[in-house]
Amino acid sequence: MFGIVQGGIFEDLRKKSSKFIGSLAFNGFGIGGSFGEKQMRKVLNWSLSGLAEDKPRHLLGIGKIKDIFIAVKQGIDLFDCVVPTREARHAVLYTKAGKLNIEKEIFVKDKKMIEKNCQCWVCRQEISRQEIRHYFKTERIYGQRLATLHNIYFFKNLFREIREAIIDKRLEKLEEEYYNYR
Ligand SMILES: [Zn+2]
């Protein structure tokens, strides 16, 4: 059971909530609420101020790659977000080099895989960009399923890479590899 730190964008309320929730016997903590991108660093700082480091800290509803790196560097351990699946349903595929909008004309004759060396089910079946685009145009739901499988794998792999990079002390380097998401 996780305790949730609230307090919006207000320093005093965030710190007060963090101290109080952090003093209770929860298994971990969630940081909730809505705040703009610019405020994220500050709000996270205030929200984490009263929470023990040896318990997991979850940031609710954040899923942009740029924001994930910011939050991880501040000490966030867990995330949940609709980004991988929602964008897949809108024909947006994630690759390390950036996002592909697979419905675009340029993919009509693109026989490449979504991403080279991707180990997701779709890429292992060697289903090409061209084919996925075709499914989006003809059997949309099947196209959406394929895109979802790939994107979920992409994010799982991103977090595997982040965990390894933390252990190897090269998180900044890994972040640079995702420069197209800045
Ligand atoms: Zn894939």
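These are my notebook entries on a predicted model of a zinc-bound protein.

**Entry 1: overall layout**

I began with the fold as a whole, and I kept in mind throughout that the model is predicted. The protein has eight helices and six strands, and when I read along the sequence I found them in the pattern β-α-β-α-β-α-β-α-β-β-α-α-α-α. I then looked up the extent of the C-alpha trace, which spans about 55 × 35 × 30 Å along its principal axes. For burial I noted that 45% of the 182 residues of the protein count as buried.

**Entry 2: the zinc site**

Which atoms coordinate the zinc ion? I listed the SG atoms of Cys118, Cys120 and Cys123 together with ND1 of His150, at 2.1 to 2.4 Å. The spacing of these donor residues in sequence is C-x1-C-x2-C-x26-H.

I next turned to the geometry of the zinc site, where the angles among the four donor atoms run from 107 to 115 degrees. Because four donors count as tetrahedral if all angles lie between 85 and 135 degrees, the site of the zinc ion is recorded here as tetrahedral. For reference I wrote down that the ideal angle for four tetrahedral donors is 109.5 degrees.

Are the two cysteines 118 and 120 buried or exposed? Both cysteine 118 and cysteine 120 are buried.

**Entry 3: the loop between strand 6 and helix 5**

I stayed with the loop that runs between strand 6 (98-101) and helix 5 (121-124), and I found methionine 113 in it. Methionine 113 counts as partly exposed because its relative accessibility is 23%, and the cut-off for buried is under 20%. I also looked up a pairing across the chain: the C-alpha atoms of methionine 113 and glutamine 130 are 8.7 Å apart in space, with their positions 17 residues apart in sequence.

Asparagine 117 has its place in this loop between strand 6 and helix 5 as well. I flagged asparagine 117 for its backbone, since its phi is positive, about 70 degrees, although the residue is not a glycine. Asparagine 117 counts as exposed because its relative accessibility is 65%, where exposed requires over 50%.

**Entry 4: another positive phi**

Where does alanine 91 lie? I placed alanine 91 in the loop between helix 4 (83-89) and strand 5 (92-95). Alanine 91 has a positive phi of about 70 degrees and is not a glycine. I recorded alanine 91 as buried because its relative accessibility is 0%.

**Entry 5: the largest pocket**

I then went through the empty space, starting with the largest pocket, whose volume is about 220 Å³. Its lining is made up of Ile62, Gly63, Ile68, Phe79, Asp80, Cys81, Pro84, Ile152, Phe155, Lys156, Phe159 and Arg163. Strand 4 (78-80) and helix 7 (140-167) are the elements that give two or more residues to this lining, and helix 7 gives the most, with five residues.

How do the lining residues of the largest pocket divide by class? I noted eight nonpolar residues, one polar and three charged. As for domains, the lining of the largest pocket draws at least three residues from each of domain 1 (2-81) and domain 2 (82-182).

**Entry 6: the largest cavity**

How many cavities of 30 Å³ or more are there? The count comes to one cavity of that volume or more, and about 30 Å³ of space lies in the largest cavity. I listed its lining as Ile65, Lys66, Phe69, Glu175, Tyr178, Tyr181 and Arg182. Helix 3 (residues 65-74) gives the most to the lining of the largest cavity, with three residues.

By class I entered four nonpolar, no polar and three charged residues for the lining of the largest cavity. Domain 1 (2-81) and domain 2 (82-182) each give at least three residues to the lining of the largest cavity.

**Entry 7: lysine 73**

I closed with lysine 73, which lies in helix 3. Lysine 73 counts as partly exposed because its relative accessibility is 39%, a value that falls between the limits of under 20% for buried and over 50% for exposed. For its position relative to a distant part of the sequence, I looked up isoleucine 166, which is 93 residues away from lysine 73 along the chain, with 9.3 Å between the two C-alpha atoms.

Notes:
Residues are numbered from 1 along each chain as its sequence is written. This is a predicted model: local features need pLDDT of at least 70, side-chain atom pairs count only at pLDDT 80 or more; totals for chains, interfaces and linings use all residues. Side-chain values use heavy atoms; hydrogens and water are left out. Donors are N, O and S atoms within 2.8 Å of the metal (3.2 Å for Na, K and Ca); water is not among the atoms, so sites may look incomplete. Four donors count as tetrahedral if all angles lie between 85 and 135 degrees; four count as square planar and six as octahedral if opposite donors are over 155 degrees apart and all others between 65 and 115; anything else is irregular. Buried means under 20% relative accessible area, exposed over 50%, partly exposed in between (1.4 Å probe, protein chains only). On a 1 Å grid over the protein atoms alone, a cavity is a set of points where a 1.4 Å probe fits but cannot get out, and a pocket is an open set with protein on both sides within 12 Å along at least five of seven lines; lining residues have an atom within 4 Å of a point. Grid points are joined across faces, edges and corners, and a volume is the space filled by probe spheres set on the points. Helices (H or I, at least four residues) and strands (E, at least two) are DSSP runs, numbered from the N terminus. Ala, Val, Leu, Ile, Met, Phe, Trp, Tyr, Cys and Pro count as nonpolar, Asp, Glu, Lys and Arg as charged, and the others, Gly among them, as polar. Domain bounds come from an automatic or database domain assignment.
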